[in-house]
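Trainee: Could we go through this model step by step, with each term explained as it comes up?

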Amino acid sequence: MFFGGADGLRSEHHNGREEVHDNNECTQREESMTTLKAIRLASLVTAINVLVATGFSIAAIIRPQYLVPVESVPTEASLLLAMYAAARTIPLALFALGAIYKQAPPALLILGALAGAMQLLDAGIGLFEHDLGKCAGPLLIAVLQFFVVYLLHRSVRITPQTKRG
(Lines give C-alpha, C1' and ligand atoms only; values in the text may rest on other atoms or scores of the structure.)
Protein backbone atom coordinates (compact mmCIF):
# COMPACT_ATOMS: atom_id res chain seq x y z
CA MET A 1 0.00 0.00 0.00
CA PHE A 2 1.36 3.39 -0.96
CA PHE A 3 -0.06 6.68 0.35
CA GLY A 4 0.83 10.23 -0.47
CA GLY A 5 3.05 11.28 -3.25
CA ALA A 6 3.80 14.60 -4.81
CA ASP A 7 1.03 14.16 -7.36
CA GLY A 8 -1.70 13.62 -4.73
CA LEU A 9 -2.30 10.00 -5.80
CA ARG A 10 -2.80 7.08 -3.47
CA SER A 11 -2.14 3.52 -4.55
CA GLU A 12 -3.65 0.42 -2.90
CA HIS A 13 -3.27 -3.26 -3.67
CA HIS A 14 -6.42 -5.40 -3.39
CA ASN A 15 -6.50 -9.07 -4.44
CA GLY A 16 -3.49 -8.65 -6.69
CA ARG A 17 -4.88 -5.53 -8.37
CA GLU A 18 -3.55 -2.07 -7.94
CA GLU A 19 -6.08 0.75 -7.60
CA VAL A 20 -5.07 4.37 -7.83
CA HIS A 21 -7.19 7.03 -6.09
CA ASP A 22 -6.94 10.76 -6.27
CA ASN A 23 -6.48 12.25 -2.78
CA ASN A 24 -7.90 15.47 -4.18
CA GLU A 25 -11.39 13.88 -4.40
CA CYS A 26 -11.76 14.07 -0.64
CA THR A 27 -10.36 17.58 -0.51
CA GLN A 28 -12.68 18.72 -3.31
CA ARG A 29 -15.67 17.15 -1.52
CA GLU A 30 -14.73 18.94 1.72
CA GLU A 31 -14.22 22.23 -0.15
CA SER A 32 -17.57 21.90 -1.93
CA MET A 33 -19.31 21.22 1.40
CA THR A 34 -17.64 24.29 2.89
CA THR A 35 -18.68 26.32 -0.14
CA LEU A 36 -22.22 24.98 0.09
CA LYS A 37 -22.41 25.92 3.77
CA ALA A 38 -21.02 29.39 3.02
CA ILE A 39 -23.56 29.89 0.22
CA ARG A 40 -26.41 28.79 2.49
CA LEU A 41 -25.29 31.03 5.34
CA ALA A 42 -24.76 34.03 3.08
CA SER A 43 -28.12 33.34 1.44
CA LEU A 44 -29.92 33.22 4.77
CA VAL A 45 -28.35 36.40 6.16
CA THR A 46 -28.75 38.29 2.89
CA ALA A 47 -32.40 37.24 2.54
CA ILE A 48 -33.18 38.35 6.09
CA ASN A 49 -31.28 41.60 5.53
CA VAL A 50 -33.03 42.62 2.29
CA LEU A 51 -36.47 41.49 3.45
CA VAL A 52 -36.19 43.46 6.69
CA ALA A 53 -34.96 46.55 4.82
CA THR A 54 -37.78 46.21 2.30
CA GLY A 55 -40.30 45.74 5.10
CA PHE A 56 -39.15 48.92 6.80
CA SER A 57 -39.31 50.93 3.58
CA ILE A 58 -42.82 49.65 2.82
CA ALA A 59 -43.89 50.32 6.42
CA ALA A 60 -42.59 53.87 6.04
CA ILE A 61 -45.04 54.33 3.16
CA ILE A 62 -48.04 52.59 4.71
CA ARG A 63 -47.61 53.33 8.44
CA PRO A 64 -44.92 56.00 8.88
CA GLN A 65 -45.90 56.57 12.53
CA TYR A 66 -44.21 53.24 13.37
CA LEU A 67 -40.84 54.55 12.20
CA VAL A 68 -40.72 58.26 12.91
CA PRO A 69 -40.46 59.84 16.35
CA VAL A 70 -43.79 60.36 18.17
CA GLU A 71 -43.59 64.15 17.93
CA SER A 72 -43.09 63.99 14.15
CA VAL A 73 -46.02 64.42 11.83
CA PRO A 74 -45.90 62.41 8.58
CA THR A 75 -46.00 64.77 5.60
CA GLU A 76 -46.06 64.48 1.87
CA ALA A 77 -42.27 65.01 1.95
CA SER A 78 -41.76 62.07 4.34
CA LEU A 79 -43.96 59.92 2.10
CA LEU A 80 -41.86 60.91 -0.90
CA LEU A 81 -38.63 60.00 0.92
CA ALA A 82 -40.13 56.66 1.98
CA MET A 83 -41.01 55.95 -1.65
CA TYR A 84 -37.42 56.74 -2.67
CA ALA A 85 -36.19 54.27 -0.03
CA ALA A 86 -38.59 51.59 -1.29
CA ALA A 87 -37.53 52.26 -4.88
CA ARG A 88 -34.01 51.18 -3.88
CA THR A 89 -34.66 48.40 -1.40
CA ILE A 90 -37.31 46.51 -3.38
CA PRO A 91 -35.14 45.96 -6.49
CA LEU A 92 -32.16 45.04 -4.29
CA ALA A 93 -34.34 42.47 -2.52
CA LEU A 94 -35.60 41.05 -5.81
CA PHE A 95 -32.12 40.75 -7.30
CA ALA A 96 -30.68 39.30 -4.08
CA LEU A 97 -33.50 36.76 -3.81
CA GLY A 98 -32.93 35.88 -7.48
CA ALA A 99 -29.21 35.31 -6.82
CA ILE A 100 -30.12 33.17 -3.81
CA TYR A 101 -32.60 31.15 -5.86
CA LYS A 102 -30.05 30.62 -8.65
CA GLN A 103 -27.29 29.92 -6.09
CA ALA A 104 -25.03 32.40 -7.88
CA PRO A 105 -22.10 33.13 -5.54
CA PRO A 106 -20.62 36.02 -7.60
CA ALA A 107 -23.95 37.87 -7.61
CA LEU A 108 -24.53 37.02 -3.96
CA LEU A 109 -21.13 38.47 -3.06
CA ILE A 110 -21.88 41.76 -4.80
CA LEU A 111 -25.49 42.08 -3.66
CA GLY A 112 -24.64 40.96 -0.12
CA ALA A 113 -21.89 43.55 0.12
CA LEU A 114 -24.28 46.21 -1.20
CA ALA A 115 -26.95 45.20 1.32
CA GLY A 116 -24.34 45.35 4.10
CA ALA A 117 -23.21 48.80 2.98
CA MET A 118 -26.80 50.03 3.00
CA GLN A 119 -27.25 48.73 6.57
CA LEU A 120 -24.01 50.44 7.60
CA LEU A 121 -25.33 53.72 6.21
CA ASP A 122 -28.63 53.14 8.05
CA ALA A 123 -26.62 52.72 11.26
CA GLY A 124 -24.98 56.07 10.50
CA ILE A 125 -28.42 57.66 10.20
CA GLY A 126 -29.40 56.14 13.56
CA LEU A 127 -26.21 57.54 15.06
CA PHE A 128 -27.01 60.96 13.58
CA GLU A 129 -30.47 60.77 15.18
CA HIS A 130 -28.94 59.76 18.52
CA ASP A 131 -31.22 56.69 18.48
CA LEU A 132 -29.43 53.64 19.84
CA GLY A 133 -31.99 51.20 18.42
CA LYS A 134 -31.79 52.66 14.93
CA CYS A 135 -28.00 52.49 15.12
CA ALA A 136 -27.35 49.16 16.84
CA GLY A 137 -29.80 47.04 14.80
CA PRO A 138 -28.51 48.03 11.36
CA LEU A 139 -24.91 47.94 12.60
CA LEU A 140 -25.36 44.35 13.85
CA ILE A 141 -26.94 43.31 10.55
CA ALA A 142 -24.17 45.06 8.58
CA VAL A 143 -21.41 43.33 10.56
CA LEU A 144 -23.11 39.94 10.16
CA GLN A 145 -23.67 40.59 6.45
CA PHE A 146 -20.03 41.54 5.85
CA PHE A 147 -18.90 38.48 7.83
CA VAL A 148 -20.91 36.02 5.71
CA VAL A 149 -19.82 37.79 2.51
CA TYR A 150 -16.21 37.37 3.69
CA LEU A 151 -16.80 33.67 4.41
CA LEU A 152 -18.39 33.17 1.01
CA HIS A 153 -15.56 35.04 -0.70
CA ARG A 154 -12.99 32.82 1.01
CA SER A 155 -14.77 29.62 0.06
CA VAL A 156 -15.42 30.46 -3.60
CA ARG A 157 -12.86 31.30 -6.20
CA ILE A 158 -14.24 33.66 -8.78
CA THR A 159 -12.38 33.35 -12.04
CA PRO A 160 -13.07 35.41 -15.12
CA GLN A 161 -14.81 33.61 -17.95
CA THR A 162 -12.40 32.50 -20.65
CA LYS A 163 -13.01 33.83 -24.12
CA ARG A 164 -14.22 31.31 -26.63
CA GLY A 165 -13.38 31.99 -30.16
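Mentor: Let us begin with a definition: a residue is called buried under 20% relative accessible area, exposed over 50%, and partly exposed in between, with a 1.4 Å probe and protein chains only. This is a predicted model, in which local features need pLDDT of at least 70 and side-chain atom pairs count only at pLDDT 80 or more, while totals for chains, interfaces and linings use all residues. Residues are numbered from 1 along each chain as its sequence is written, and side-chain values use heavy atoms, with hydrogens and water left out.

Trainee: In what order do the elements of the chain run from the N terminus on?

Mentor: Helices (H or I, at least four residues) and strands (E, at least two) are DSSP runs, numbered from the N terminus. The chain has 4 helices and 2 strands, and their order from the N terminus is β-β-α-α-α-α.

Trainee: Is Ile62 buried or exposed?

Mentor: Ile62 lies in helix H1, and the cut-off to apply to its side is the one for exposed residues, over 50% relative accessible area. Because its relative accessibility is 56%, Ile62 counts as exposed.

Trainee: Which element gives the largest share of the nonpolar patch?

Mentor: Patches are made of residues with over 30% relative accessible area and no salt bridge (a side-chain nitrogen of Lys or Arg within 4 Å of a carboxyl oxygen of Asp or Glu), where like charges are joined within 9 Å and nonpolar side chains (Val, Leu, Ile, Met, Phe, Trp, Tyr) within 5 Å. The nonpolar patch here covers about 910 Å², with Ile62 and Leu79 among its residues, by accessible areas from the Shrake-Rupley method with a 1.4 Å probe, for which only the protein chains shown count as cover of residues. Two or more residues come from each of helix H1 (24–62) and helix H2 (76–102), and the largest share, 7 residues, comes from H2.

Trainee: How far apart in space are Ile62 and Leu79?

Mentor: Leu79 is found in helix H2 and is partly exposed, because its relative accessible area is 33%. Ile62 and Leu79 are 17 residues apart in sequence, and from C-alpha to C-alpha their distance in space is 8.8 Å.

Trainee: What does H2 reach from its first C-alpha to its last?

Mentor: The expected span of a helix is 1.5 Å times one less than its number of residues. H2 has 27 residues, for which 39 Å is expected, and its reach is close to that, at 39 Å.
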